[in-house]
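Q: Could we go through this model together, beginning with the metal site?
A: Certainly; here is the structure.
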Amino acid sequence: TKSTRPQRLLKAVQKHSTRGDPQSVISAIDHFCRHREWAMNVGDEKGSILDSVVSELNPEKVLELGTYCGYSTVRIARLLPPGARLITLEFNADYAAIARQVIAWAGLEDKVQLVEGASGDWIPRMKEHFGIETFDFVFLDHWKDRYLPDTKLMEDCGLLRKGTVLLADNVICPGVPDYLEYVRNSLSYKSCYFKSHLEYTKAEDGLEKSVFLG
Ligand SMILES: O=C(NC/C=C/[C@H]1O[C@@H](n2cnc3cncnc32)[C@H](O)[C@@H]1O)c1cc([N+](=O)[O-])cc(O)c1O
Ligand SMILES: [Mg+2]
């Protein structure tokens, strides 16, 4: 039977990158997506902005919503200090299986906990199941109509603290109008837009960085 795009992306990682070298995994995926098959990874241009936000923050507790093939998981985890933890949620079993192998190939499995399940089900269980008090950094890159409900859910579950940073992908393309309106107008957030381009294309897209003010 025909392979899937995530399976072909994994093959490209195993063929064109060095096990245990996260940067080579990132480069292999970017090369595959730019020259072989486009895929919805945050990509190299927005990825550099993601890198700078993570490096500046040095977060201990990170949540990623929407793992897909693990590209941004690897980008974030490679920058985390020893002892820091990244929990990433992915409800598609096939994508989760590929992402686990990409994360393992990069040698980052000790920093990453991939949870197979829906954000709406698992956000309320973060405290009792993972012993998480609050998150320092959240990367939102899952279904665009889930950004706002999941943000409100994180607020309600007390998972955000004064200074927690939310970074949202695709705020222009495909776009998250309800989420943008909320974080830009709410008195509980200080929000700013990082203009960039949709991964591997010339179309405009960007990241929205929103600091929770408590
Ligand atoms: O649609 C996009 N992303 C949706 C990403 C979705 C990924 O997150 C998972 N998921 C969804 N809700 C979930 C809830 N809980 C757990 N996993 C979840 C899905 O199984 C998928 O792996 C997208 C589209 C474009 N584009 O140009 O069209 C560009 C991008 O950068 C994108 O991120
Ligand atoms: Mg995205």
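A: To fix the term, donors are N, O and S atoms within 2.8 Å of the metal (3.2 Å for Na, K and Ca), and water is not among the atoms, so sites may look incomplete. This is a predicted model, in which local features need pLDDT of at least 70, side-chain atom pairs count only at pLDDT 80 or more, and totals for chains, interfaces and linings use all residues. Residues are numbered from 1 along each chain as its sequence is written, ligands are numbered from 1 in the order in which they are written, and side-chain values use heavy atoms, without hydrogens and water.
Q: Which are the protein donors of the magnesium ion (ligand 2)?
A: Asp-141 (OD), Asp-169 (OD) and Asn-170 (OD1) are its protein donors, at 2.0 to 2.2 Å.
Q: How are the donor residues spaced in sequence?
A: The spacing is D-x27-D-N. Asp-141 lies in the loop between strand S4 (135–140) and helix H8 (147–156), while Asp-169, 28 residues apart from it, lies in the loop between strand S5 (160–168) and helix H9 (171–175). Helices (H or I, at least four residues) and strands (E, at least two) are DSSP runs, numbered from the N terminus.
Q: On to ligand 1: which residues come nearest?
A: Of the 21 residues around ligand 1, the nearest are Glu-90, Ser-119, Asp-141, Asn-170 and Glu-199; a residue counts as near if one of its heavy atoms lies within 4 Å.
Q: What is the make-up of that shell?
A: The shell around ligand 1 has 10 nonpolar, six polar and five charged residues.
Q: Where is there a cis peptide bond?
A: Cys-173 and Pro-174 are joined by one, with omega about 5°. Pro-174 belongs to helix H9.
Q: Which residue has a positive phi although it is not a glycine?
A: Asn-58, with phi of about 50°. Asn-58 is in the loop between helix H3 (43–57) and strand S1 (61–65).

Conventions: Nonpolar A, V, L, I, M, F, W, Y, C, P; charged D, E, K, R; others polar.
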